[in-house]
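Here is a short report on contacts, cores and charge pairs. Please keep the sequence and the coordinates open while reading.

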Amino acid sequence: LKSADYGAMAAAGTALIWSPRSNITLYGDTARVSTADRVGVQIALGTDWMPTGSMNLNRELACADSFNKTYLDNHFSDVDLWSMVTVNAAEVTATGDVIGQLAPGKLADISIFKRNGKPGYRAVIESEPKDVVLVMRAGKILYGDADAVTGTTTDACDTVDVCGVAKKVCLMGEIGKTYAALQTAVGATNYPVFAC
């Protein structure tokens, strides 16, 4: 797209869901996101699909961060990148009235990450699978460090080793299967659940 096209998008209130890893893998290039941002296009970050995209938003966020540093001269701040996977993503998908930020009247979709001595947003951007302390959807615990999950939910949760850290995943209340049963149902040859 040309600059004028992004201007037309902004004028029409059209947003952009950016999937840099998949774009670069498939096309060798990606959207001109800094141009889109300058003219007021709202940008969210998405993972596209597994064959060419990231396996999760943490990996896509790392890809966007690397692209931002390498090719965009740090056009986007840490807050901008974080917003692409939180408030912007909710607004772009027309779900901002219920998710995307912690606020009265919204669902408590919460992810907590280990800080590892980094500034707040940078800790999320550079997080690894072992750094996810807790994940909640609508206030319900789905996953996290074994110590954080144990005693805070009555749901049956399975213990999983994630890069040397004991985690618990609570699937029974969601899909009626244990983690082991889900792995069996999906098959052993599929993409791994996480990469250390």
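A polar contact is a pair of N or O atoms within 3.5 Å; within protein, one must be able to donate a hydrogen and the other to accept it. The model discussed here is predicted.

**Polar side chains under cover**

Start with Asn68. This residue sits in helix H4. Its side chain reaches the backbone nitrogen of His75 at 3.1 Å. Is Asn68 buried or exposed? Asn68 is buried, because its relative accessible area is 1% and the cut-off for buried is under 20%. Leaving out residues up to four places away in sequence, Asn68 touches Asp73, Asn74, His75, Phe76 and Leu81. His75 thus appears both as a polar partner and in the contact list.

Next comes Ser54. This residue is in the loop between strand E2 (43-45) and helix H4 (57-71). Ser54 counts as buried, because its relative accessibility is 2%. Its side chain makes a polar contact of 2.6 Å with the side chain of Arg21. Which residues does Ser54 touch, not counting those up to four places away in sequence? They are Arg21, Thr47, Arg59 and Glu60.

**A buried glycine**

Gly96 belongs to the loop between helix H6 (87-92) and strand E3 (110-113). At 8% relative accessibility, Gly96 is buried. Its contacts, with residues up to four places away in sequence left out, are Ala90, Glu91 and Lys106. Thr86 is 10 residues from Gly96 along the chain, and the two C-alpha atoms are separated by 9.3 Å.

**Nonpolar cores and a surface patch**

In soluble globular proteins, nonpolar side chains tend to be buried together. Here the largest nonpolar core has 28 residues. Which of its members touch the most other members? Trp18 and Ile43 do. Helix H4 gives the most to this core, with 3 residues. Apart from this core lies another, of 6 residues, including Val133, Leu134, Ile141 and Cys170.

Trp18 has a long contact list once neighbours within four places in sequence are set aside. Among its partners are Ile43, Ala44, Leu45 and Gly46. Others include Ala64, Phe67 and Met84. Asn23 and Thr30 are also in contact with Trp18, as are Ala31 and Val33.

Some nonpolar side chains are at the surface instead. Leu26, Tyr27 and Trp49 form a nonpolar patch there, with about 380 Å² of accessible area together. Leu26 is found in helix H2 (residues 20-27). Leu26 is partly exposed, with a relative accessible area of 41%.

**Salt bridges**

How many salt bridges does a search of the whole structure find? The search finds 11. Three of them are listed here with their N to O distances.

| Pair | N to O distance |
|---|---|
| Glu126 and Arg122 | 2.9 Å |
| Asp155 and Lys140 | 3.6 Å |
| Lys140 and Glu174 | 3.0 Å |

Take the Glu126 and Arg122 pair. Glu126 is partly exposed, with a relative accessible area of 31%. Arg122 counts as buried, at 11% relative accessibility. Both residues also belong to a network of salt bridges, which links Asp65, Lys69, Asp78, Lys118, Arg122 and Glu126.

Lys140 appears in two of the tabulated pairs, one with Asp155 and one with Glu174. What does the Asp155 and Lys140 salt bridge tie together? Asp155 lies in the loop between helix H8 (146-149) and strand E6 (158-162), and Lys140 lies in strand E5 (residues 140-145), so the pair ties together parts that are 15 residues apart in sequence. Glu174 lies in helix H9 (residues 172-175), so its pair with Lys140 in strand E5 ties together parts that are 34 residues apart in sequence.

The residues of these two pairs can be placed by accessibility. Lys140 is partly exposed, with a relative accessible area of 30%. Glu174 counts as partly exposed, at 30% relative accessibility. Asp155 counts as partly exposed, at 27%.

How values were computed. Residues numbered from 1 in each chain as written. Predicted model: local features only at pLDDT ≥ 70, side-chain atom pairs only at ≥ 80, totals over all residues. Heavy atoms only, no water. Helix = DSSP H or I, 4+ residues; strand = E, 2+ residues; numbered from the N terminus. Buried < 20%, exposed > 50% of the residue type's maximum accessible area, 1.4 Å probe, protein only. Contact = heavy atoms within 4.5 Å. Core = buried A, V, L, I, M, F, W, Y, C linked by side-chain atoms within 4.5 Å. Patch = residues over 30% accessible without salt bridge, like charges linked within 9 Å, V, L, I, M, F, W, Y side chains within 5 Å. Areas by Shrake-Rupley, 256 points an atom, 1.4 Å probe, with all protein chains shown as cover. Salt bridge = Lys/Arg side-chain N within 4 Å of Asp/Glu carboxyl O.
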